[in-house]
Structure formats: C-alpha cells, structure tokens
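Biologist: I should be grateful for a close look at a single part of this model, the surroundings of one strand, followed by an account of the cavities and of any unusual backbone angles.

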Amino acid sequence: MKQIDARKYFEINHVSTLRMAELAKRQGAKHFIFLSSSKVFGDNQHHLVLTESTECQPSDAYGESKLVAEQDLLGMKSDQFVITIIRPPLVFGPGVKGNLIRLLKLVDSAWPLPFGNAQANRSMVNVDNLIALIVHLLNKPTSGVFHAGEATTPTVKELVRAMRLKLNRTPRLVAVPQVFNKLGQVLVPAQMNRLFGGMILSNAYTNQTLGFVPPFSFETGIGKMVDWYQETKNPSSKDRSESC
C-alpha cells in the first residue's frame, strides 16, 4: 500500500517497455510478449465478469501505465512482428510477496479468522500455470490480448480454507456481521477490497482460442506455495549449517 510516484510506473511499464519492443523489432525479433495486469480494469468493476473485450477503466497509475503500454505495443504489430499481451490476475506460488504473503502469515496463526462469509470470487493464477501459458504462446505465437488464470475461480473463503488445511490447521472461519464489513469499507476501503472484494477475470476466450488448458490444479498450486512458506519459515538444520 506504499505510495509510489506515478511517473515511476509510466517510466518502467510504458516508456521502457516500448523502447525494448522497438529495439527487438529493429534487431529482427519476430515475437514480443508483454506481461500486463488485470489492474487495467480498475477496482470498480467487481459486478462484471471481465473478458478480453471488457472496457478498461484503470483506477491508479499502475493500471494506467500497463494499459497505455498495451495500446502502443498493439500498434506495432505486423505479420512480421507478433505482439502478445498477457493479463494475469493475482499470481500465487513459491516466492509470493505483498498482500498474499501477509494473508498466508495470518492464516498460519491459531486465531479464528473473519472469512466465514467471504463469498466473493477472486481470480488468481498459479505461477506454474502462468509459465505454462507463456511457453504455449512461445510455441504458438499469436497477436492479441489474453487472460491468464486457473480452471476455477475460488472464493476468498475457499482460498483461506485451502491454505489452513494445507498447514494442518482447523479452518476456524467466523462469519462477521455485515455492519463490520461496511465499517471497514469506510475506514480502510483498499485493504477491505483486497481481503473481501471479488474480481472475476475470465480466461475462457484465451483457453478456447489458443487451445490451452492450465495443467496444474488450484489445490496443487496452493500446496506448493504453502510448502515453500513452511520451508522458509522452518529451514532444516542442514540448510542452516550450509548457510553458515
């Protein structure tokens, strides 16, 4: 949630990306893949199923910088220079950072958690499925905009429950009265949206157009992430000795 100068986002996500693409094109590259973000849709379209053709309404500098990069890159495409845009939602897996690692640490506590009625669906993508999509596109260069994602879209409650079960903990999910959720939306709206808000990024068109099937299940991805978390939290004596 740290505030960052908007110019940094545009300098890196837009200007630097365009320079890289122009250089690649001059040097004879045939295919350029850009990892954009679901943030191009903004934070105010929770009631929609977001497809590749949904109007983008970015609500911050990060989303805006990704969107203008998409638009300018697609303007460079030709029969000799394929431009692929991939929009991932929240990426999870080993090495995860940001809000998701904070949530994982919270889930690893013994406290009851207020996610019993967190029924909003939240699109995510396992990093292994994202890599598989990139490799698929490397083998099948296709210009256009595509969405990364899982085969299913879990609810926030299902996400927290899956992590707790993998940690061998009782779910202990408590339903919080709506009045507290509404109070949170007033006091800390951004944090509440990240914890309880929904976001459905449809990848049906992408999978059908490309003939792609995410090879790893949601549960497998959560399992690998939790295993990594436990290994980094409790390194073995062998690992400790090797690091000395």
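Modeller: The account below begins with the strand and then turns to the cavities and the backbone.

The model is a predicted one, and the part chosen for close inspection is strand 3, which covers residues 82-87. Six of the six residues of this strand are buried, so strand 3 is largely enclosed by the rest of the structure. The burial holds for both faces of the strand. On one side lie Val82, Thr84 and Ile86, and on the other lie Ile83, Ile85 and Arg87, all of them buried. The charged residue Arg87 is thus listed with Ile83 and Ile85 on a covered face.

Strand 3 is paired with two other strands. Strand 1, residues 31-35, runs parallel to strand 3 and is joined to it by five bridges. Within this pairing, Val82 of strand 3 has His31 opposite it. Strand 6, residues 144-147, also runs parallel to strand 3, and here four bridges make the connection. Thr84 has Gly144 of strand 6 as its bridge partner. Val82 and Thr84, which take part in these two contacts, belong to one face of the strand.

The cavities come next. Across the whole structure, a search finds two cavities of 30 Å³ or more. The largest has a volume of about 40 Å³, and its lining consists of Ser123, Met124, Ala148, Gly149, Glu150, Thr152, Thr153, Leu201 and Asn203. This lining comprises three nonpolar residues, five polar residues and one charged residue. The second largest cavity holds about 40 Å³ of space. Among the residues that line this second cavity are Val125, Asn129, Leu133, Phe212 and Pro214, and its lining divides into five nonpolar and five polar residues, with no charged residue. His147, which lines the second largest cavity, lies within the residue range of strand 6. Ala148, Gly149 and Asn203 appear in the linings of both cavities.

The backbone angles remain. Most residues other than glycine have a negative phi. Asn168, however, has a positive phi near 60°. Arg172, likewise not a glycine, has a positive phi of about 50°. Asn168 is placed in the loop between helix 5 (156-166) and helix 6 (178-187), and Arg172 is found in the loop between helix 5 and helix 6 as well. Asn168 counts as exposed because its relative accessibility is 71%, whereas Arg172 is partly exposed, with a relative accessible area of 43%.

Terms used
Residues are numbered from 1 along each chain as its sequence is written. This is a predicted model: local features need pLDDT of at least 70, side-chain atom pairs count only at pLDDT 80 or more; totals for chains, interfaces and linings use all residues. Side-chain values use heavy atoms; hydrogens and water are left out. Buried means under 20% relative accessible area, exposed over 50%, partly exposed in between (1.4 Å probe, protein chains only). On a 1 Å grid over the protein atoms alone, a cavity is a set of points where a 1.4 Å probe fits but cannot get out, and a pocket is an open set with protein on both sides within 12 Å along at least five of seven lines; lining residues have an atom within 4 Å of a point. Grid points are joined across faces, edges and corners, and a volume is the space filled by probe spheres set on the points. Two strands pair if DSSP finds at least two bridges between them.
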